[in-house]
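The following exercises concern strand pairing, burial, aromatic contacts and helix packing. Each task is followed by a worked solution.

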Amino acid sequence: MGFGPFLRLDELTPNVALIQALKERWDPECHAFLFPWGHMIPTLEDMARIIGLRVDGQAVTGFTYTSYQELAERLLGLAVTRERSSLVPRTRLQASLGVADARHQTGEGQADYMARLTEDARVALAEEEGAAADRDLRRFLILVIGKLILGTRGDPVSCQCLPLLEDLSSVGSYAWGAALLAHLFDSLGTSSRETGVAWFFPLLQVWAYYHLPSLGRGVPRRPGAAALLQRWRFRRDEQSLHLQVTLIHDALDTVPFGHVEWTTYVREDDAAQPWVERGRPYFGRDIWLHAFNTVVPLHHWLVARTLGLHQVVVEFTTRQRPWERPGRSFRGIQQETDWTVRVCEQLTDWEQQGREVASEATSDEDYFRTYARRYGAQVYKGSRRPFDPEGRIASLEGVLHSTIQQRDDLHTIMTQLREELDRAQQMVGGASSSREDPGRSVLEGQLAAVEVELRDSLARTTTLEAEMAELCLRPEAAEVSRWRQEAEEATRWRTEAGDLRT
């Protein structure tokens with residue numbers, strides 16, 4: 001069914017401070033994180049590589065019902081918590097699988113704990129076959145999907161995906177990884193004051209380890225392991241949660257632009273991850289993600305830099321959903337809905353594999369200026385940054401990074417052109433002139449043009465750095481001016497007080 005790599009993942013300790021800090025930077029309007037260097041989002045490629053779930057195939061959608069009572073009794077042999085509900089008690093599911101006592105015992109390590117659970121389950125299921133074995137398999141799958149992939153808050157397990165498990169032979173054809181990403185996007189849009197998680201947190205945690213390595217929040221442990229989540233372990237921090245979140249925000253506000261990893265998987269060997277090759281047609285595309293009543297857009301065009309492209313200018317309007325959906329307090333009670341009809345346009349988009357992302361931009365400068373105007377000080381959450389309501393500092397930082405990147409690109413091109421020119425000279429023994437060798441003349445012209453561009457880029461970098469320095473000092477200058485005014489006013493009051501005493 002394709003769950004093998006996912007179920008073989010090692011346990012990862014949650015980095016609650018990192019998850020909370022990232023959640024506070026999520027913008028539910030554009031479904032992306034807002035950082036000083038621009039938008040960032042986990043993509044379908046991140047999903048496939050980090051946790052090994054399938055991101056291609058049929059969308060996880062279909063009917064949702066007012067009551068799942070009949071389905072749960074027929075397919076699971078269990079009752080839901082209430083007649084009008086989709087929830088089954090977790091403890092009842094575990095007991096039906098022979099792992100009712102699923103808690104660590106005193107002094108028991110993780111490996112011993114898992115071995116004990118596995119043995120208990122094998123003993124309970126050894127005699128099952130035929131319809132009974134299918135029922136137990138559905139119980140296991142609903143536990144995995146309802147608690148890990150499309151997890152709900154609290155103890156009960158959602159049976160919303162139960163209709164898709166009726167035909168067990170088709171379970172492996174669904175894009176469960178894309179459904180998990182949709183569920184993640186939707187959960188990130190909840191109040192930033194909610195510190196709990198109702199989704200598979202290790203995805204976001206390891207995504208940050210790969211794309212923001214300078215934060216130093218994860219520790220590499222098993223190079224070459226697949227899926228990639230198995231290469232990391234949590235770096236423990238004994239400080240308070242509030243202090244950790246504050247320090248992470250400060251670090252995010254000061255991460256050098258060049259330390260952000262956009263194309264982190266370019267050197268990966270895909271042979272050990274066949275699920276990545278299957279999902280490749282869906283990578284790098286704008287597409288709608290589906291998990292029944294959760295239908296959210298994946299705006300890959302906001303992160304064209306993950307494809308090695310320059311980021312084009314983006315403008316946002318508030319996107320209204322063309323359908324109604326339950327509120328965030330939804331606990332499983334809803335009207336019977338056929339989502340293949342309700343979101344037909346978005347489902348067709350998924351079936352056609354979305355739209356390919358392209359960019360004709362030659363630098364990121366225009367994007368950084370527009371981004372800073374749109375979000376201003378919203379991109380900064382730390383305590384050590386100057387207040388920047390108009391986004392002037394953020395904009396200049398972005399333009400400076402883009403100029404440095406362009407300068408480095410030009411330097412690389414110039415080096416290549418010089419090497420080609422040297423090879424051309426060696427081929428003709430250094431005897432021919434530009435008039436005798438048109439190719440050499442073209443190379444010399446290209447080299448001269450690149451050298452001019454490089455000089456301009458260096459001059460622009462110097463100017464921007466000077467302007468940045470002036471802006472960063474400006475708040476201090478304003479503070480000095482205010483102090484001077486207050487001192488003058490105090491002197492005036494002293495003089496008046498002296499006159500009155502006289």
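**Exercise 1.** Determine which residue of β2 stands opposite D27, and place the two strands in their sheet.

*Solution.* Step 1: the residue of β2 facing D27 is A32. Step 2: β1 and strand β2 (residues 32-35) are joined by two bridges and run antiparallel; strands are DSSP runs (E, at least two residues) numbered from the N terminus, and two of them pair if DSSP finds at least two bridges between them. Step 3: the open sheet has three strands in the order β1-β2-β3, with antiparallel pairing. Step 4: β1 (26-27) and β3 (38-40) are at the edges with a single partner strand each, so one side of each has no neighbour in the sheet.

The model is predicted, so local features need pLDDT of at least 70 and side-chain atom pairs count only at pLDDT 80 or more, whereas totals for chains, interfaces and linings use all residues. Residues are numbered from 1 along each chain as its sequence is written, and side-chain values use heavy atoms, leaving out hydrogens and water.

**Exercise 2.** Establish whether strand β10 (residues 294-298) is enclosed or open.

*Solution.* Step 1: five of its five residues are buried (under 20% relative accessible area, 1.4 Å probe, protein chains only), so β10 is largely enclosed by the rest of the structure. Step 2: T294, V296 and L298 cover one side, and V295 and P297 the other. Step 3: strand β9 (residues 285-291) runs antiparallel to β10 and is joined to it by five bridges, with H290 opposite V295. Step 4: the hairpin of β9 and β10 has two residues between the strands, and F292 takes a positive phi near 60°.

**Exercise 3.** Classify the ring pair of Y209 and W232.

*Solution.* Step 1: rings of Phe, Tyr and Trp (its six-membered ring) pair if their centres lie within 6.5 Å; planes under 30 degrees apart count as stacked, over 60 as edge-to-face and the rest as tilted. Step 2: the count by this rule is 17 aromatic pairs. Step 3: the centres of Y209 and W232 are 5.2 Å apart and the planes are at 40°, so this pair is tilted. Step 4: Y209 belongs to helix α9 (residues 202-211) and W232 to strand β8 (residues 232-234), so the pair ties together parts 23 residues apart in sequence. Step 5: Y209 and W232 are both buried.

How values were computed. Helix = DSSP H or I, 4+ residues; strand = E, 2+ residues; numbered from the N terminus. Buried < 20%, exposed > 50% of the residue type's maximum accessible area, 1.4 Å probe, protein only.
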